[in-house]
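I opened this notebook to keep track of what I looked up, one topic at a time. Each entry sets down a place I checked and what I found there.

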Amino acid sequence: MSHGLDDLSRRLVNRFQGGVPLVARPYGEMGAVLGTSEEDVIARLKRLLRQGIATRFGPSFDASRLGGALTLAALEVPEHRYDEIKELVNAYPEVAHNYRRLHRFNMWFVVATSTPAAMTTVVDDISRRSGLEVLHLPKLRQFRLGLHLVLGRDGRVTTGPFPNSPAAAEAPAACVPEAADWRLIDALQAGLPLEPEPWRAIAGATDMDEGSVLERLGALLAGGVIRRIGLLPNHYRLGLRANGMSVWDVADGEMAVRGEVVGRFDFVSHCYERPRRPPHWPYNLFAMVHGMDRAEVHAKTAAIARTLGVACRSQAVLFSDGILKKTGFRSA
């Protein structure tokens with residue numbers, strides 16, 4: 001499937017999925033990199049959002065560094081109750097994403113809350129109201145988060161490393177958000193304003209001056225509270241329609257080394273260690289794999305299997321069979 005973009009929009013998507021400059025007129029700087037005008041960059045970003053090729057343009061936040069909690073949860077839902085349970089789960093504002101997957105556990109959702117206690121409350125409430133046991137799988141360790149799409153001149157879409165990304169071994173410096181930061185974070189939830197001086201608009205909405213906005217954003221980036229500022233492409237719209245959640249039963253003593261290796265595969269968007277839940281769930285390593293079709297995903301998971309070798313005792317791939325809910329939560 002071709003992405004259908006002209007060369008300049010293709011380069012815009014490739015270059016600015018992160019790394020938007022923290023300057024007074026960022027779109028002008030972006031235009032200078034691409035060889036076009038500030039006005040053209042803004043117009044193209046608006047068009048990419050309108051067409052659904054991009055889902056947002058702005059910062060992505062890390063909930064764990066904001067004191068919040070994020071967990072992956074699953075339910076084994078009888079088919080005759082599927083619509084009922086979908087409506088129940090989706091009604092929770094704390095449920096950011098919800099997917100139907102082809103597995104015995106056929107409903108998978110993300111719960112995001114401001115505190116760990118609130119997350120436990122939501123999970124317990126869903127279990128109580130549905131009458132179903134919730135498979136609760138919080139992140140224990142993160143090996144990868146982020147998928148950089150590379151749009152080729154031939155129309156194909158592949159994956160690759162993020163340009164100008166820090167080395168995986170570099171841990172962000174500690175950063176505790178200040179009171180003004182919370183106003184800034186709230187103002188940026190809808191994305192970065194698409195106007196020539198976006199930080200001036202954000203400053204006006206947060207009762208800060210523009211210099212302070214830029215200073216605090218730099219600190220939040222350095223501290224990992226903001227993972228990156230840039231364009232978030234819609235991988236479904238661009239042709240990566242196969243979404244496989246690969247899960248692996250990795251020997252505990254091998255997890256640290258093997259998880260790091262799996263997290264370095266460019267086609268993996270999320271890679272985490274999560275708890276096993278015996279006897280129903282033996283898997284402790286999760287790696288999200290994307291491809292043009294399921295055959296491509298299977299080929300990629302075969303590469304992971306070869307890497308894990310005898311350290312892996314069993315594995316499965318759970319393909320997405322429908323998006324039940326996908327909100328604008330920015331900390332996933």
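The entries below go through helix packing, buried residues and aromatic rings, and I note at the outset that the model is predicted.

**Entry on helix α1.** I began with helix α1, which covers residues 7–15, and looked up its buried residues, which are L8, S9, R10, L12, V13 and N14. I then asked myself what the buried residues of α1 pack against. The partners turned out to be α2, α3, β7 and β9, the last of these being residues 226–233.

**Entry on L151.** From there I went to strand β7, residues 148–151, where L151 is found. Is L151 buried or exposed? Its relative accessibility is 1%, so I entered L151 as buried. Leaving aside neighbours within four places in sequence, I listed the contacts of L151 as H3, L5, R10, V13, N14, R156, V157 and L238; R10, V13 and N14 are among the buried residues of α1 that I had already written down. I also checked L151 against G58, which is 93 residues away along the chain, and found their C-alpha atoms separated by 20 Å.

**Entry on E38.** Next I turned to helix α3, residues 38–50, in which E38 lies. With a relative accessibility of 11%, E38 counts as buried, because the cut-off for that word is under 20%. Apart from neighbours within four places in sequence, E38 is in contact with R25, Y27, G28 and P196.

**Entry on the aromatic rings.** Since Y27 had come up as a contact of E38, I looked at the aromatic pairs, of which the count comes to 6. In one of them, the ring centres of Y27 and F57 are 6.0 Å apart and the planes stand at 40°, so I noted the pair as tilted. Y27 belongs to helix α2 (residues 26–34) and F57 to strand β1 (residues 54–61), so this pair ties together parts that are 30 residues apart in sequence. Both partners are buried: Y27 has a relative accessible area of 0%, and F57 has one of 4%. Elsewhere, ring pairs join F105, W108, W281, Y283 and F286 into a cluster.

**Entry on charges over rings.** I also looked for charged side chains over ring faces, and noted that R100 lies over the face of Y82, 4.1 Å from the ring centre. In the same way I noted R101 over the face of Y99, at 5.3 Å from the ring centre.

**Entry on α6 and α8.** For packed helices I keep two values, the angle between the axes and the distance between them. The axes of helix α6 (residues 179–187) and helix α8 (residues 210–222) come within 11 Å and cross at roughly 90°, which means that α6 is roughly perpendicular to α8. At this contact, D181, L184 and I185 of α6 meet V213, R216, L217 and L220 of α8, and I sorted these residues into 5 nonpolar, no polar and 2 charged.

**Entry on α7 and α8.** Which residues of helix α7 (residues 198–206) make the contact with α8? The two pack at an angle of about 100° with axes 8 Å apart, and are therefore roughly perpendicular to each other. From α7 the contact takes W199, R200, I202, A203 and T206, and from α8 it takes E210, V213, L214 and L217. I sorted the residues of this contact into 6 nonpolar, 1 polar and 2 charged.

Methods. Residues numbered from 1 in each chain as written. Predicted model: local features only at pLDDT ≥ 70, side-chain atom pairs only at ≥ 80, totals over all residues. Heavy atoms only, no water. Helix = DSSP H or I, 4+ residues; strand = E, 2+ residues; numbered from the N terminus. Buried < 20%, exposed > 50% of the residue type's maximum accessible area, 1.4 Å probe, protein only. Contact = heavy atoms within 4.5 Å. Axes fitted to C-alpha atoms, helices over the stretch in contact; angles between N-to-C directions. Parallel < 35°, antiparallel > 145°, perpendicular 65-115°, else oblique. Nonpolar A, V, L, I, M, F, W, Y, C, P; charged D, E, K, R; others polar. Phe/Tyr/Trp six-rings, centres within 6.5 Å; stacked < 30°, edge-to-face > 60°. Lys NZ or Arg CZ within 6 Å of the ring centre and 35° of its normal.
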